[in-house]
Amino acid sequence: MSEYEVYHCPETKDFFDSLDDKSKRIFQDHFKELASAPHTWDGHRDKEKLVVSGVELYRMHVSRTWTIFYTIFEEKKQVRLVEILTIDEAHEKYGY
């Protein structure tokens, strides 16, 4: 399986940069899995494909605390991080 490149938007980059070292390591493990298996049927993390306002969006839970929302661009082999929210914020905003 070929690897995907994972790209941050400015907001997810700012969020990641603000984390302590332990949290950064946890997120980096999740980013590595997104690079190797971004789809819901690959890997072992809690991932799900969603449709939000007619747009395909994926989500991955991180340590039962955070939710990463991302899109996959197959033709470019890219995963683009869209948003990182607490699980409660994600449920409130997207209903998932």
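**Helices, sheet and a buried histidine**

Me: At about what angle does helix 1 run to strand 5?
Reply: This is a predicted model. Helix 1 covers residues 10-17, and strand 5 covers 78-86. The helix lies across strand 4 and strand 5. Its angle to strand 5 is about 60 degrees.

Me: Which strands does helix 2 lie across, and at about what angle does it run to strand 3?
Reply: Helix 2 spans residues 21-36. It lies across strand 1, strand 2, strand 3, strand 4 and strand 5. Against strand 3, it runs at about 140 degrees.

Me: Which strands stand at the edges of the sheet?
Reply: The sheet is open, has mixed pairing and follows the order 1-5-4-3-2. An edge strand here has a single partner, so one of its sides is left without a neighbour in the sheet. That applies to strand 1 (5-7) and strand 2 (47-52).

Me: What is the bridge partner of Arg 59 in strand 4?
Reply: Strand 3 takes in residues 55-62, and strand 4 takes in residues 66-73. The two run antiparallel, joined by 5 bridges. Opposite Arg 59, the partner in strand 4 is Phe 69.

Me: Is His 39 buried or exposed?
Reply: His 39 sits in the loop between helix 2 and strand 2. Its relative accessible area is 8%. Buried means under 20%. So His 39 is buried.

Me: With which side chain does the side chain of His 39 make a polar contact?
Reply: His 39 touches several residues further off in sequence, including Tyr 4, Tyr 58 and Glu 74. A polar contact links its side chain to another at 2.4 Å. That partner is Glu 74.

Conventions. Residues are numbered from 1 along each chain as its sequence is written. This is a predicted model: local features need pLDDT of at least 70, side-chain atom pairs count only at pLDDT 80 or more; totals for chains, interfaces and linings use all residues. Side-chain values use heavy atoms; hydrogens and water are left out. Two strands pair if DSSP finds at least two bridges between them. Helices (H or I, at least four residues) and strands (E, at least two) are DSSP runs, numbered from the N terminus. Contact means heavy atoms within 4.5 Å. Axes are lines fitted to C-alpha atoms, for helices over the stretch in contact, and angles run from 0 to 180 degrees between N-to-C directions. Buried means under 20% relative accessible area, exposed over 50%, partly exposed in between (1.4 Å probe, protein chains only). A polar contact is a pair of N or O atoms within 3.5 Å; within protein, one must be able to donate a hydrogen and the other to accept it, and residues adjacent in sequence count only if both atoms are side-chain atoms. Lists of a residue's contacts leave out its neighbours within four places in sequence.
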